[in-house]
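Visitor: I would like a close look at one helix of this model and at what it packs against. Please take the confidence first, then the packing, then single residues.

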Amino acid sequence: MKFVNILLDKVRNLDAKVVKVMRVGFIFSFIICILSSMILVTYEAFYSLPTLFYIGISLFRTSLSFAVAFFICGIGFDTVQKEIN
């Protein structure tokens with residue numbers, strides 16, 4: 001529980017520029033996630049091509065990876081920036 005409180009404290013005290021970059025990254029990841037969901041719905045509803053399924057799953061994993069990377073890198077950059085100042 002202590003780790004969660006430390007993480008929440010770091011997220012609350014992020015710099016405005018870092019939050020802006022993270023927000024843009026999350027929006028980008030969300031758009032990719034919506035695209036992958038539409039591909040998977042198309043696979044389920046209309047076509048039964050295995051290639052379509054693998055494309056949808058790969059895009060979904062990529063969007064999750066991007067979201068986590070933006071979150072971790074945002075916290076890392078903010079920590080480095082505060083250590084420099």
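**Helix 3 and its partners**

Guide: This is a predicted model, and the mean pLDDT of the protein is 93, with 100% of the residues scoring at least 70. Confidence is highest in helix 2, residues 16-45, where the mean is 95. It is lowest in helix 1, where the mean is 89.

The part to look at is helix 3, which covers residues 50-84. Its packing against helix 2 comes first here. The axes of these two helices come within 8 Å and cross at roughly 170°. Angles over 145 degrees count as roughly antiparallel, so helix 2 is roughly antiparallel to helix 3. By class, the residues of this contact are 22 nonpolar, eight polar and one charged.

Three residues of helix 2 give some detail on that side. S36 lies in helix 2 and is buried, its relative accessible area being 0%. Leaving out residues up to four places away in sequence, S36 touches G56, L59 and F60. Helix 3 spans residues 50-84, so these three partners of S36 fall within that range. I34, also found in helix 2, is partly exposed, with a relative accessibility of 38%. The C-alpha atoms of I34 and M22 are 18 Å apart, and the two residues are separated by 12 residues along the chain. R23 is another residue of helix 2, and at 52% relative accessibility it counts as exposed, since the cut-off for that class is over 50%. Between the C-alpha atoms of R23 and F71 the distance is 9.3 Å, although their positions lie 48 residues apart along the chain.

F71 also appears in the packing of helix 3 against helix 1. Helix 1, residues 2-12, packs on helix 3 at an angle of about 75°, and the two axes are 10 Å apart. An angle of 65 to 115 degrees counts as roughly perpendicular, so helix 1 is roughly perpendicular to helix 3. On the helix 1 side the contact is made by L7, K10 and V11, and on the helix 3 side by F71, I75 and T79. Sorted by class, this contact has four nonpolar residues, one polar and one charged.

The remaining residue to follow is D78, which is placed in helix 3. D78 has a relative accessible area of 4% and is therefore buried, the limit for that class being under 20%. Setting aside its neighbours within four places in sequence, D78 is in contact with N13, L14, D15 and V18.

D78 also takes part in a salt bridge. Side chains of opposite charge can pair when their charged atoms come close. The side chains of K82 and D78 meet in this way, at 3.3 Å from N to O, and the count of salt bridges comes to one. K82 and D78 are four residues apart in helix 3, which means that about one helical turn separates them. The two partners fall into separate accessibility classes: K82 counts as partly exposed at 44% relative accessibility, whereas D78 counts as buried at 4%.

Note on methods. Residues are numbered from 1 along each chain as its sequence is written. This is a predicted model: local features need pLDDT of at least 70, side-chain atom pairs count only at pLDDT 80 or more; totals for chains, interfaces and linings use all residues. Side-chain values use heavy atoms; hydrogens and water are left out. Axes are lines fitted to C-alpha atoms, for helices over the stretch in contact, and angles run from 0 to 180 degrees between N-to-C directions. Angles under 35 degrees count as roughly parallel, over 145 as roughly antiparallel, 65 to 115 as roughly perpendicular and the rest as oblique. Contact means heavy atoms within 4.5 Å. Ala, Val, Leu, Ile, Met, Phe, Trp, Tyr, Cys and Pro count as nonpolar, Asp, Glu, Lys and Arg as charged, and the others, Gly among them, as polar. pLDDT is the predictor's confidence in each residue, from 0 to 100. Buried means under 20% relative accessible area, exposed over 50%, partly exposed in between (1.4 Å probe, protein chains only). A salt bridge is a side-chain nitrogen of Lys or Arg within 4 Å of a carboxyl oxygen of Asp or Glu.
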